[in-house]
Amino acid sequence: MKKIGIFAAAAVVSLSFVQTASAEDVTLKGVQERGYVQCGVSTGLPGFSNPDEKGNWIGMDVDVCRAVAAATLGGASKVKYTPLTAKERFTALQSGEIDILSRNTTWTQTRDTSLGLNFAGVNYYDGQGFMVTKTLGVKSALELDGAAVCIQAGTTTELNLSDYFRENNMKYQPVVFDTSDQTVKGFESGRCDILTSDASQLYALRIKLENPDGAIVLPEIISKEPLGPVVRQGDDQWFNIVKWSMNALINAEEMGLTSANVDEMKGGDIPAVRRFVGLDGPKGKGLGLSDDWAYNIVKQVGNYGEVFDRNVGAGSALNIERGVNALWSKGGFMYAPPMR
Amino acid sequence: MPENNKHSANSKPSFWNDPEKRSILFQILMVGAVILFILYIINNTMHNLETRGISTGFGFLSQNAGFDILLTLIPFDATYSFGRTFVVGLLNTLLVSFLGVICATILGFMLGIARLSHNWLIRKVATVYVEIFRNIPLLLQIFFWYFAVLQLLPSPKQSIELGGGTYLNVRGLYVPEPIAESGFGWVAIAFFASLIASVFLVRWAKKRLDETGNFFPAYWASLGLVVGVCLVTFLLAGSPMTLEYPELKGFNFQGGISIIPELSALLLALTIYTAAFIAEIVRSGIEAVDHGQTEAASALGLPRSRTLRLIVIPQAMRVVIPPLTSQYLNLIKNSSLATAIGYPDLVSVFAGTTLNQTGQAIEVIAMTMAVYLSISLLVSMFMNWYNKRMALVER
Ligand SMILES: N[C@@H](CCC(=O)N[C@@H](CS)C(=O)NCC(=O)O)C(=O)O
């Protein structure tokens with residue numbers, strides 16, 4: 001009886017291995033059959049991915065998933081969110097539990113080349129910063145010698161921190177937690193003098209503090225953190241879909257297309273807009289999508305500027321300036337290849 | 001004659017009809033199948049990892065780690081390798097497990113004996129303890145000690161002074177560090193010399209007890225001997241030791257020995273939780289010893305403490321050791337909950353950060369599993385050996 005059980009288990013295991021072995025072009029089919037996109041997000045980071053009072057996920061990273069759902073399924077709400085800690089995120093994507101990882105994840109060489117993953121672009125250019133309690137009276141990160149630092153496990157933050165203190169000949173005590181809630185708690189209780197993370201996340205975590213005014217963010221930015229969505233390597237079609245969904249968001253802002261005016265502009269005769277909404281040009285064929293894929297994104301999610309303002313910019317509690325995240329034509333880094 | 005032949009043929013059945021041979025054949029087939037299956041899984045995994053572009057192999061162990069660790073028993077910083085993070089994590093796991101096993105054993109034995117005390121209050125307190133701590137999930141207890149107790153301590157600037165240069169704050173417990181100066185070697189020599197003398201003393205006392213029946217308190221005498229000799233040598237050598245006191249410099253206390261709250265919380269929780277189980281094991285062990293033995297001992301005029309030590313506990317140990325072993329194994333494995341509060345054990349450092357920075361999940365998890373398996377097997381082996389020794393005492 002036992003032996004039969006073992007062989008049955010063996011058969012199941014090996015079958016499941018064989019089934020998932022060919023990853024090519026299966027993600028889109030899976031999404032369409034299922035009727036929703038599986039999206040990996042953070043466990044709660046205001047502005048990026050965080051449930052609102054009604055329990056709906058909102059944020060910059062959430063909107064990337066919504067854009068992909070609008071492009072592939074015609075409905076931005078057809079997304080299932082999976083909250084993941086920094087440590088869990090890559091395994092969840094590798095194992096197929098999610099279709100996209102959109103969780104303030106920094107694009108690095110190791111992650112892009114040896115984890116079997118691909119970064120589909122950048123939706124926020126960030127950099128690592130420090131937050132300290134006001135009472136410490138610290139004005140610069142260079143005064144932090146000997147401090148205890150709260151960080152989250154499995155992040156680039158851990159590595160940059162080490163580089164920075166080493167370069168500046170300073171010592172520190174790393175206190176490493178698994179979730180951002182614990183990290184914040186460690187900072188609030190005084191276990192650490194500093195909380196370090198991507199600067200945007202510092203602003204987000206700061207509003208989670210019991211007394212946000214008691215903490216300040218130091219001016220130093222010690223690293224480059226290009227954050228973007230990640231997909232599995234080997235499925236080029238899905239990779240293209242996510243990449244071009246992002247490009248559509250940025251191109252829409254450049255063309256002046258917004259969720260409010262896209263219906264109106266659609267009827268006009270600006271060639272680039274006609275191509276965008278799928279009346280001309282490459283349409284949706286090469287991506288395996290319907291021709292109105294990009295129209296659906298703008299109509300249901302908005303353009304990149306709208307996404308930014310609503311979640312982290314002037315229209316939000318975080319009130320972060322566009323800075324380097326402005327369009328290239330306005331002095332920022334946001335630049336998308338033309339849709340033609 | 002022909003009859004005889006027939007008989008011998010009957011006594012030697014054909015291969016298929018001989019249950020022994022048949023079972024050997026089946027076992028060989030079974031082992032073969034299992035090996036083939038394992039090879040197939042390995043091969044298949046390697047193939048799948050390759051087609052998905054996930055790197056494999058143990059080369060990452062020699063790369064620079066690039067991150068720092070809160071508590072390291074051996075020299076470590078970001079320039080050491082990922083392989084070294086494995087050792088650092090392992091040592092931290094061993095540290096908390098070792099301390100946990102010792103503390104839980106002491107506390108557990110005390111509670112187990114207390115549960116059988118003639119004093120109503122002591123008995124009830126022990127019972128309530130066991131019922132409470134055995135029934136609350138360990139993770140909650142760890143969180144309780146860490147977040148609800150130790151994190152409420154004051155900041156370094158408002159540290160609680162415990163006297164003698166010892167401070168307690170939210171960053172941990174700071175105690176003065178004894179630093180040996182030249183001449184301390186004499187004390188060490190005195191210590192070992194008196195230790196050896198004690199061994200002879202104990203042997204002599206035992207021999208005397210066997211031969212003459214006269215009792216000599218050799219253990220107490222040895223203790224006095226060791227302490228006395230060391231103390232005298234220490235003073236004669238001119239007190240060759242200074243204390244380095246922890247001092248508040250900048251953000252934190254520097255100098256002295258610091259015990260981080262992550263270690264304290266984990267150790268407290270593991271000890272208190274496991275001691276509740278050990279107490280029950282000890283109680284049942286003692287209860288398993290026939291009451292007649294105790295009565296016989298008291299009839300012979302043996303005082304209660306020596307009855308416990310010489311008659312009851314040695315016999316109870318035979319019942320106690322096997323389940324005690326599994327409690328030790330549980331404690332060691334439970335120490336991996338460390339990651340929940342950021343104590344840098346093997347799971348947190350190696351199967352956590354290292355895994356994440358390198359992405360080599362299969363290698364890292366395999367190594368981690370191998371470690372827990374080896375530790376568990378070693379502990380089991382040791383306890384089995386000890387159990388055999390105890391069992392042999394039986395006459
Ligand atoms: N961008 C960095 C850091 C990402 C990260 O995990 N940051 C923390 C900030 S404390 C976070 O977002 N935590 C939210 C969570 O765990 O759900 C990376 O990709 O490694």
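## Ligand shell

Ala, Val, Leu, Ile, Met, Phe, Trp, Tyr, Cys and Pro count as nonpolar, Asp, Glu, Lys and Arg as charged, and the others, Gly among them, as polar. On this basis, the shell around the ligand in this predicted model holds 5 nonpolar, 13 polar and 5 charged residues. The ligand is surrounded by 23 residues (each with a heavy atom within 4 Å of it); the closest are A:Thr43, A:Asn104, A:Thr106, A:Gln152 and A:Asp198.

## Polar contacts and burial

Three polar contacts (pairs of N or O atoms within 3.5 Å) are described here. Side-chain N or O atoms of A:Arg89 come to 2.9 Å from a ligand oxygen atom, and a polar side-chain atom of A:Arg111 likewise lies 2.9 Å from an oxygen atom of the ligand. The side chain of A:Asp198 has an N or O atom 2.6 Å from a nitrogen atom of the ligand. The protein covers 100% of the 510 Å² of accessible area (Shrake-Rupley method, 1.4 Å probe) that the ligand has on its own.

## Domain setting

Because domain 1 (26-125 + 227-326) and domain 2 (128-223) of chain A both contribute residues to the shell, the ligand lies between them; the bounds come from an automatic or database domain assignment.

In chain B, the assignment gives domain 1 (2-50) and domain 2 (82-154 + 260-390). The C-alpha centres of these two chain B domains are 43 Å apart.

## Conventions

Residues are numbered from 1 along each chain as its sequence is written, with chains lettered from A and ligands numbered from 1 in the order in which they are written. Local features need pLDDT of at least 70, side-chain atom pairs count only at pLDDT 80 or more, and totals for chains, interfaces and linings use all residues, while side-chain values use heavy atoms, with hydrogens and water left out.

Conventions. A polar contact is a pair of N or O atoms within 3.5 Å; within protein, one must be able to donate a hydrogen and the other to accept it, and residues adjacent in sequence count only if both atoms are side-chain atoms.
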